Each structure stands twice: as structure tokens, then as C-alpha cells.
Amino acid sequence: MATWTEKLSQPKPNRLRYPDRRSVYWLDKLPPEKTGSTNKTELTPRWSELCRSKKFYTQVALSPIWEVSEWALRAVASNRLCSLAQPQAPTVVWQPNRPPLVPLNRATQTAVATTRICQLAQPKQRLVHQGSGHKSKPVPMIHLPCKASAHIELLATPKHDHPKFEGERSVCWLVSKAARNYSASKRIHELSSPKDRKVPFEGYDPYIVSQAARSASPSPRILQLCLPMPRKCSSN
């Protein structure tokens, strides 16, 4: 019996000796060919039930009025239902909406405002302290002298149009005689003509070999790179 060291010293077998072997799973013989159906499935009762089409109920009530059952006709409401069916009454302090035009009484029409009411009815005046120190006294703003500075007056002056400014040009204007009798030069005709565009790769033959490629000679380095790589042969 060979020892473990002798087994490890043996070279590994060459698996490429038999390249025509079909698969690594059947080393002795090919799998048997199947003649019948490959997949055979049977539907379960649940699958058969799910495969059925859904039923659509097309019965539509043609009229909103339907027959009332005999039990509904003989039904008697309880005291609780009768109390819930009553409309909710407004509160005691609720008052209806006041009309927009209310008739005024005689006392309101003949009322006379007092001096205090007339004083409170006057608009308030904003007072500004004029002067400096303890001698300043409040003065209404309407009595303050207001004068704009020279810069503000300069900015307030409206801007005038430029002397050479011309208004908007009308949509229709007369064409001058020189423009009507103008004839374009040869250069203008040349610039106005469209550019000639050629089709890509027009007149190109990919199979023509140039003269320089025919007379080229490879360098020693290229000849060295063209050589096939040496293969190591494994021994059994």
C-alpha cells in the first residue's frame, strides 16, 4: 500500500486527454434521451378556481324608487329615535340677523354732540420739538419749514430727450432710388451662394494599399514581437 507521501509525489492527471467527453457529470455513459413530454403539470383545485373569469353583475336599478318591504311598513319608531329625529332648536340668547337699515328713533335724530365729543372727534396732530436744549417747544408738523436741498431739486428735474433723438420709425417707409437700382457685386454673389457639402468618405476605397505600406520593412523589434510565445509542455 502506497504511503501518503508517494501519492502526493505522483503527477496530476491530464484532464484534456479526452476532449470529446460530453460533460463532467456523466463520465461513464451519456444520459438517456427523453421521448415524452418534459414538463407535466396538473392544476390544483385552487389554481382552477383562480383561473376562472370574474363575474360582473350588470343588474342596474333603473329607477330610484324601489318597493318597501312589509316589515318596514309595519315598523314603529322608539322614543329615542323620535327624540333624535327632532330638529335642533337654537339657543335662548340667539337673535336673528339684524337688517342693514335700522330705523333711528327720535332721540338719536335730535341728539347734539357735547364739547368733549367734538374735541375727541378732531384728528390727532403730531408734534415735533423745535429748537435744542430746555427751550425746545412742541410745534405741529404743518408749521415746520420744509425746503428741499439742491441735490434733491436737481434729481427732481425731468430729463429731456437728446437733440438728435428720433421717434419710433413707422412700419412702412419709402425705399430710396439707390436701393432699388442697386446691383450686387461678384463677391456678394460668391458669399451668398451656399457651401458645397461632400458626402463623408466620398471616393474612399478601404482596400487600396498605399505605396509607402508596400515598401515598408519591419524593424528587428517588430520581428521579435511577431514571434509566437513558447509554450511549456506538461509531462504526465
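In the predicted model, a nonpolar surface patch is formed by Leu43, Trp47 and Leu50, whose combined accessible area is about 360 Å². Leu50 belongs to helix 2, which spans residues 45-51. The relative accessible area of Leu50 is 54%, so this residue counts as exposed.

Helix 2 also holds a charged pair. Glu49 and Arg46 are joined by a salt bridge in which the closest N and O atoms are 3.6 Å apart. The two residues are three positions apart in helix 2, so about one helical turn separates them. Glu49 is partly exposed, at a relative accessible area of 45%.

In the whole structure, three salt bridges were found. One of them links Arg74 to Glu70, with an N to O distance of 2.5 Å. Arg74 is exposed at 61% relative accessibility, whereas Glu70 is partly exposed at 47%. Another connects Arg187 with Glu190, where the closest N and O atoms lie 3.5 Å apart. Both of these residues are in helix 9 (residues 186-192), three residues apart, or about one turn of the helix.

With regard to aromatic residues, the search of the whole structure gave zero aromatic pairs. The ring of Trp173 has the charged end of Arg169 over it, at 3.8 Å from the ring centre.

At the level of the chain, eleven helices and two strands are present. Their order along the sequence is α-α-α-α-α-α-β-β-α-α-α-α-α. Of the 236 residues, 1% are buried. The exposed area of the chain is about 27,200 Å², of which carbon and sulfur atoms supply 59%.

Terms used: Residues are numbered from 1 along each chain as its sequence is written. This is a predicted model: local features need pLDDT of at least 70, side-chain atom pairs count only at pLDDT 80 or more; totals for chains, interfaces and linings use all residues. Side-chain values use heavy atoms; hydrogens and water are left out. Helices (H or I, at least four residues) and strands (E, at least two) are DSSP runs, numbered from the N terminus. Buried means under 20% relative accessible area, exposed over 50%, partly exposed in between (1.4 Å probe, protein chains only). Accessible areas come from the Shrake-Rupley method with a 1.4 Å probe; for residues, only the protein chains shown count as cover. Patches are made of residues with over 30% relative accessible area and no salt bridge: like charges are joined within 9 Å, nonpolar side chains (Val, Leu, Ile, Met, Phe, Trp, Tyr) within 5 Å. A salt bridge is a side-chain nitrogen of Lys or Arg within 4 Å of a carboxyl oxygen of Asp or Glu. Rings of Phe, Tyr and Trp (its six-membered ring) pair if their centres lie within 6.5 Å; planes under 30 degrees apart count as stacked, over 60 as edge-to-face and the rest as tilted. A charge sits over a ring if NZ of Lys or CZ of Arg is within 6 Å of the ring centre and within 35 degrees of the ring normal.
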